[in-house]
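Subject: Structure handover

Hello,

Here is the structure I promised to pass on. Please open it first, then read my notes below.

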Amino acid sequence: MFALPPFARARRLSHQLSFGVAAIAMATSANAQDASSAADDENIEEIIVEGRLSRYSATKMDTPIFETARSVSIEDQRQMLDKGVLELADAYVYAPGVNGQTYGFATRGDWLKVRGLDAPEYRDSLQALFGNYNNTRSHVYTLEQVEILKGPSSVLYGQGSPGGLVNVVSKRPQQEASNEIVAEYGNFDRKQIAADLTGPLDADGKFLYRMIAVYRDADTQIDYVEDDAVVIAPSVTWRPNERTNVTILGNYQDYNGQAAAQFVPIQGSFLPAPNGEYFDPNVFLGEPEFDRYDTKTKSVTVLADHDFNASWGMEATARYTKGEAKYNQAWPAFIGGNRYLDDEGNVARTFYKNEADSKQFAVDVRARGEFSTGSLEHNLLVGVDYQDVTTNSDYYYAFAPAGYGINIFNPVYGNVPTDAELGPYFDNPENKNKQIGFSIQDQVRIGQLLLTLGLRGDKVDSDTGYVTQLDKELSTNVGVMYQLPGGFSPYASYSESFEPVVGTTFDGSAYAPQKGKQYEVGIKYQPEGTTALITVSYFDIDQTNLLTADPSHPGFSVQEGDVSIKGFEFEAVGNVGDFYLEGNYSYLDTETSDGFRLPSIPAHQASSWITWRPSEVMVGFKAGLGVRYVGASWDGADGLKTPSYTLADAMVGYETERFDISLNAHNLTNKQYWATCIARGDCFVGKDRTVVARLAVKF
């Protein structure tokens with residue numbers, strides 16, 4: 001028995017996935033031919049579902065994915081349940097080009113990177129999170145779908161990342177009455193109970209309601225770290241006529257616990273300590289009576305749409321959100337770029353005590369029209385959006401105060417400095433950001449040719465309390481797709497992004513926005529008569545105007561940094577008989593202006609998932625199995641490589657019209673691994689085996 005090197009293992013897994021996807025394609029093609037023959041014989045019209053996007057989706061249009069000239073990955077509610085998604089980060093790990101758990105096991109947020117870069121989170125097509133540590137994570141039980149839009153999206157959203165974005169879709173009231181109560185229990189003493197009730201409020205169905213509630217009491221794999229939650233999400237829909245819908249969504253989330261990330265020193269974790277030993281990767285290096293990560297968010301969202309006639313209509317989305325957080329943590333201190341451990345394993349600690357909050361008001365109004373001009377068929381979207389966001393963060397920060405260290409091999413707690421010993425209190429001014437944007441996008445069909453043209457203008461006002469800045473930007477995107485016979489659709493697209501950089505150079509000049517542009521070419525294949533979809537894409541992303549140190553003026557920065565990302569993605573999803581199959585592979589080649597690879601970004605990733613629901617024997621039984629491979633990553637200076645790892649997930653269960661019982665396991669073999677180690681000197685532990693039993697009762 002011998003071990004293949006990481007790249008060889010990735011190539012072998014890639015070949016296995018390609019073989020599996022080829023099987024999907026052949027089987028679905030055969031099924032499509034059989035279905036087509038049967039339809040011809042019985043003169044039955046065949047219905048083909050080609051996508052799962054709505055007007056509140058990431059693309060802001062209900063154009064099927066198959067007709068979209070860019071890569072989009074989706075996890076719907078059934079897929080999330082089958083895979084046992086507990087947190088939003090779990091929904092990303094089977095998507096190509098996405099690093100869903102960049103910093104391993106986390107309780108503060110869902111840290112993902114899309115095509116190597118940070119990606120903002122949107123909810124119902126409005127941005128949901130701003131800054132860090134000032135609001136709660138989205139709870140997956142309130143969601144019906146997770147969408148990952150790859151590449152720059154400034155034509156649709158204004159300021160943002162060239163890597164892409166995530167849009168989560170809220171559960172909304174339903175016309176048909178449906179009620180369930182769910183109880184879950186898992187290892188680390190994880191307990192959760194939830195309810196989801198929906199249906200009409202009146203006999204005519206003009207008023208619909210939905211009430212979602214969650215209570216969670218949970219410990220975690222990290223000693224002394226809890227992850228408790230209370231969620232209440234009421235909503236109501238008013239449908240005065242067939243052409244009009246108005247939905248009001250309320251959301252209250254209150255999370256209490258501690259930060260799971262312990263910022264453990266590389267020495268003693270990934271590398272041996274000075275005494276040659278290693279410590280427990282799940283060690284708690286903070287203070288049980290000091291560490292807190294408590295967050296609370298309240299929001300109200302309005303979704304409204306109206307069809308004026310068969311060709312023209314409009315949508316409006318608005319949201320007010322208020323978030324707050326109390327974040328206290330002690331962690332091993334940075335010393336000289338690396339963590340310092342003495343021969344006995346003692347390390348100094350930094351103490352951080354923070355109170356932060358955020359407020360958001362946002363509105364997005366869109367008019368849409370479907371019409372023809374001669375032989376051209378148009379799907380037009382014209383929009384205006386505005387958002388006003390205020391964030392604030394006040395804190396104590398004490399770097400390595402003497403006498404408050406800890407021993408990583410034998411931690412002893414109870415040694416906490418007073419506020420006076422923590423040093424000065426930083427009472428910072430509010431940070432304000434206002435954006436208004438006007439956009440127009442037209443998808444034109446000329447026979448089998450689809451052409452997408454988009455243009456947007458933005459004005460962004462930023463005020464940090466110290467610096468005010470105005471940025472004006474024009475963004476474009478172009479896409480072309482040709483639908484060939486047999487379900488093949490090659491495409492090419494170009495898109496842009498920008499993100500303001502607030503501040504000035506040494507001579508007082510305002511920084512220009514970071515810029516991003518992407519070229520993408522690919523092909524989508526949907527066997528006729530099926531919902532299966534295979535997407536192959538190649539992309540080239542350039543990000544410019546990144547800050548780097550000004551060598552002539554220490555303490556100041558210049559915008560001479562850039563990042564180049566080239567990549568390949570392969571995604572296949574579809575049903576073959578009683579099986580639902582997924583196969584994914586991605587390759588990323590990243591390089592910064594310093595010639596280094598991006599930190600924490602694996603070059604190779606691959607995954608595969610299969611769900612079996614027999615339709616003839618053992619009806620109601622279900623089982624699933626998934627494998628995830630995450631390749632090696634580097635620390636940002638190409639000096640330290642975090643090894644690759646492969647994890648397995650599994651599900652088994654039984655469902656009827658009234659009951660749904662399942663058992664899910666993530667990291668089935670309980671593999672110990674490090675998600676990433678970075679150049680500043682710390683490592684982030686991976687997620688241990690997590691087993692959760694779930695019982696849903698429907699009535």
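In which loop is Y224 found? Y224 sits in the loop that runs between β11 and β12. Keep in mind that this is a predicted model. The backbone at Y224 has a phi near 70°, a positive value in a residue other than glycine. Y224 counts as partly exposed, because its relative accessibility is 48%.

D189 is another case to look at. D189 is not a glycine, yet its phi is positive, at about 55°. D189 lies in the loop between β9 (178–186) and β10. Its relative accessible area is 32%, so D189 is partly exposed.

**Nonpolar surface patch**

Now stay with β11 and β12. A nonpolar patch lies on the surface, formed by I181, I193, M211, Y215, V230, I232 and F699. Together these residues have about 620 Å² of accessible area. Two elements give two or more residues to the patch: β11 (207–217) and β12 (227–241). F699 is placed in the segment after β38 (690–698). Is F699 buried or exposed? F699 counts as exposed, because its relative accessibility is 54% and the cut-off for exposed is over 50%.

**Nonpolar cores**

Next, the interior. In soluble globular proteins, nonpolar side chains tend to be buried together. The largest nonpolar core here has 21 residues. Within this core, I222, F270 and C683 touch the most other members. β36 and β37 are the elements that give two or more residues to this core. A second, separate core holds 18 residues, including Y157, L165, V573 and Y580.

F270 deserves a click. Set aside its neighbours within four places in sequence, and F270 is in contact with Y278, L640, K641, T642, P643, W674, C677 and C683. C677 and C683 come up again in the next part.

**Two open sheets**

One open sheet has three strands, in the order β14-β37-β36, with antiparallel pairing. Which strands are at the edges? They are β14 (264–265) and β36 (674–678), and each pairs on one side only. β36 runs antiparallel to β37 (residues 682–685), and four bridges join the two. One residue pair to find is C677 with its bridge partner C683, which is in β37.

Another open sheet of three strands has the order β2-β3-β4. Its pairing is antiparallel too. β2 (98–99) and β4 (117–118) stand at the edges with a single partner strand each, so one side of each has no neighbour in the sheet. Two bridges join β2 to β3 (residues 113–114). N99 has K113, in β3, as its bridge partner.

**Salt bridges**

Side chains of opposite charge can pair when their charged atoms come close. How many salt bridges does the structure hold? The total is 38. Here are some to look up.

- K150 and E569: the closest N and O atoms of this salt bridge are 3.2 Å apart. The pair links distant parts of the chain, with K150 in β7 (residues 143–150) and E569 in β28 (residues 557–576), 419 residues apart. K150 counts as buried because its relative accessibility is 1%. E569 is buried too, with a relative accessible area of 3%.
- R210 and D196: the closest N and O atoms are 2.8 Å apart in this salt bridge. R210 is in β11 and D196 is in β10 (residues 190–200), 14 residues apart. Both R210 and D196 are buried.
- R366 and D364: their side chains meet in a salt bridge of 2.9 Å, N to O. R366 counts as buried because its relative accessibility is 1%. D364 is buried as well, with a relative accessible area of 2%.

Do not stop at the last pair. R366 and D364 also belong to a network of salt bridges that links them with K60, D307, E315 and R368.

**Where to begin**

Try F270 first, and trace its contacts to C677 and C683. Then go to the surface patch and find F699. Finish at the salt bridge between K150 and E569.

Best wishes

Conventions
Residues numbered from 1 in each chain as written. Predicted model: local features only at pLDDT ≥ 70, side-chain atom pairs only at ≥ 80, totals over all residues. Heavy atoms only, no water. Pairing = 2+ DSSP bridges. Core = buried A, V, L, I, M, F, W, Y, C linked by side-chain atoms within 4.5 Å. Buried < 20%, exposed > 50% of the residue type's maximum accessible area, 1.4 Å probe, protein only. Contact = heavy atoms within 4.5 Å. Patch = residues over 30% accessible without salt bridge, like charges linked within 9 Å, V, L, I, M, F, W, Y side chains within 5 Å. Areas by Shrake-Rupley, 256 points an atom, 1.4 Å probe, with all protein chains shown as cover. Salt bridge = Lys/Arg side-chain N within 4 Å of Asp/Glu carboxyl O.
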